[in-house]
Every structure is written in structure tokens, then in C-alpha cells.
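Welcome to this short tour of a protein model. Have the sequence and the 3D view open side by side, and look up each residue as we come to it.

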Amino acid sequence: MFGSARISREDPLYEQARQVGQELARAGLAVITGGGPGVMEAANRGCREGGGLSIGCNIELPFEQKINDYVDLGIDFRYFFVRKTMFVKYAEGFVVFPGGYGTLDELFEALTLIQTGKVHHFPVALFGSTYWAGLIDWLKDPVVAEGNIAPKDMDLFKICDDAGEVVEHVTSVLQRKVPVEPKEEPGVQPGKADAQ
């Protein structure tokens, strides 16, 4: 789950992120966030309250962020690119709440990996139709209209406005996921590498 570090506990988004975290945990999913305050804290808090594993991949910043109190398993990263790699490696889907440059960076990284076939059956839910409306309009025109992405690329994500919608989208996409068997290379026995 991604979203702004800058929202307060009084912001309605905080409670909504907390509810989504709870519902994902109740559906049997762990919740991974950036480990910081705001939406991240709310999601970790909700996950813990829902009985799930609450994970935080924190970025070391000199002025903004420390790991929140609701993280069960926390990891600190010095570099953004390493942290982003870990999000994609260990996540099975993204839930994206309103946020700034960091949130948008994580969103478009995920969409690019899905669009190019690097990850499959990877649900992306954008929470808050009002917040995302301007971006969606811009993607339709000029981005799709000028052929920079295909119209079907607009189906790589779903707009959601409540926790139930998020969980339904995430779980329905994950149910279509087929386990991939590792491929054996000719002349190489499984578990052994050629010494050269």
C-alpha cells in the first residue's frame, strides 16, 4: 500500500487506509508499506488490527520519515531504487492512495512492469476516484489519444472508493494467477550449476 506520508490521523484518508489494511489482513494478505507516517502508518495499523503481518520498507531520509509503531517487520533502505525493487519482488499487488511524487513514482513503476510483461496478474487499485480523476483524464487525452499507450493499458488498474472494492479487486486478480514452474536449462541439473 502506497500513499502520502503527510496526512494526519484526523484526515479521512487515514481511517480509509486503516480499513483497507484491516480488510486485506482479514482476507489473508500481509500488508507492505513504506513504513513511514500518514497513509503508511494507517495501513500498517489496520493490518495489525486485522491480524495480518504488517511490513514496513522504510527509506532513510534526514528530515521526514522513521518507521511507524505499527510495523511488525521493518527494513531500512538507504536508496530508493533498492526499496522499489523490494516492493515489486515481494508484493503481489499495489493499493495506491493519494500521495505525491514518491507515490506516483511507485505507481508508474508498477504499471510499466505490468505493461511490459515483467509481472503478471498483478492487481493495482487506485483509492479515491475524485483524487485520481484528473490523472485518468490526462491519460485518456493526450496519452492514449496520441498513441503513447494503448487503450487496453487503461485496464491495468482499477479505481476503488472503499475497502470492500479494493479487496474484491485484489483477490479476484490474484485468483487468476497460475504458478509458474521453473524452466530447466539444457544440460543443467536442477539445483546445480556448471562449473566453468
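## A mostly covered helix

Let's begin with helix α2, which spans residues 39-49 and is mostly covered, with nine of its 11 residues buried. Remember as you look that this is a predicted model. The buried residues of α2 are Val39, Met40, Glu41, Ala42, Ala43, Asn44, Arg45, Gly46 and Cys47.

What do the buried residues of α2 pack against? Their partners are α1 (12-26), β1 and β2 (54-59). Just after α2 you can find glycine 51, which takes a positive phi of about 85°.

## The whole chain

Now step back to the full protein. It has six helices and six strands. Along the sequence, these follow the pattern α-β-α-β-β-α-β-α-β-α-β-α.

The protein has 196 residues, and 45% of them count as buried. On the outside, about 11,300 Å² is exposed, with carbon and sulfur atoms supplying 53% of that area. Contacts tell us about the fold too: taking those in the protein with a separation of 6 or more, 63% are between residues 24 or more positions apart.

## How confident is the prediction?

The average pLDDT of the protein is 90, and 89% of the residues score at least 70. Over residues 192-196, however, the pLDDT is below 50, and this stretch has two contacts in the model beyond near neighbours in sequence. Keep those scores in mind when you look at residues 192-196 on your screen.

## Two buried loop residues

Is glycine 35 buried or exposed? You will find this residue in the loop between β1 and α2. Glycine 35 counts as buried because its relative accessibility is 0%, and the cut-off for buried is under 20%. Try picking tyrosine 70 as well: glycine 35 and tyrosine 70 are 35 residues apart in sequence, with 8.6 Å between their C-alpha atoms.

Proline 98 sits in another loop, the one between β4 and α4. With a relative accessible area of 8%, proline 98 is buried too. Which residues is proline 98 in contact with, leaving aside its neighbours within four places in sequence? They are Gly3, Ser4, Leu13, Val39, Phe127, Tyr131 and Trp132. Val39 is a residue you have already met, as one of the buried residues of α2. As for Gly3, the C-alpha atoms of proline 98 and glycine 3 are separated by 5.3 Å, although these residues are 95 positions apart along the chain.

## An exposed residue in α4

Move on to tyrosine 101, which is found in helix α4. Tyrosine 101 counts as exposed because its relative accessibility is 77%, and exposed means over 50%. In sequence, tyrosine 101 and serine 4 are 97 residues apart; in space, their C-alpha atoms are 9.2 Å apart.

## Two neighbours in one loop

The loop between α4 (101-115) and β5 (124-127) holds histidine 121. Most residues other than glycine have a negative phi. Histidine 121 is not a glycine, yet it has a positive phi of about 50°. Its relative accessibility is 35%, so histidine 121 counts as partly exposed.

Phenylalanine 122 belongs to the loop between α4 and β5 as well. Phenylalanine 122 is buried, with a relative accessible area of 8%. Not counting residues up to four places away in sequence, phenylalanine 122 touches Val88, Ala91, Glu92, Gly93, Phe94, Ile114 and Val173. You can also compare the C-alpha atoms of phenylalanine 122 and phenylalanine 157: they are separated by 9.3 Å, and the residues are 35 apart along the chain.

## A pocket to explore

Our last stop is the second largest pocket, which holds about 310 Å³ of space. It is lined by 17 residues, and the closest to its centre are Ala30, Val31, Ala91, Glu92 and Gly93. Which elements give two or more residues to this lining? They are β1 (31-33), α3 (80-90), β4 (94-96) and α6 (163-175).

The lining is made up of 15 nonpolar residues, one polar and one charged. Three of the residues closest to the pocket's centre, Ala91, Glu92 and Gly93, also appear among the residues that phenylalanine 122 touches.

Definitions and conventions:
Residues numbered from 1 in each chain as written. Predicted model: local features only at pLDDT ≥ 70, side-chain atom pairs only at ≥ 80, totals over all residues. Heavy atoms only, no water. 1 Å grid on protein atoms, 1.4 Å probe; cavity = no way out; pocket = protein on both sides within 12 Å on 5 of 7 lines; lining within 4 Å. Points joined across faces, edges and corners; volume = space filled by probe spheres on them. Helix = DSSP H or I, 4+ residues; strand = E, 2+ residues; numbered from the N terminus. Nonpolar A, V, L, I, M, F, W, Y, C, P; charged D, E, K, R; others polar. Buried < 20%, exposed > 50% of the residue type's maximum accessible area, 1.4 Å probe, protein only. Contact = heavy atoms within 4.5 Å. Areas by Shrake-Rupley, 256 points an atom, 1.4 Å probe, with all protein chains shown as cover. pLDDT = per-residue confidence, 0-100.
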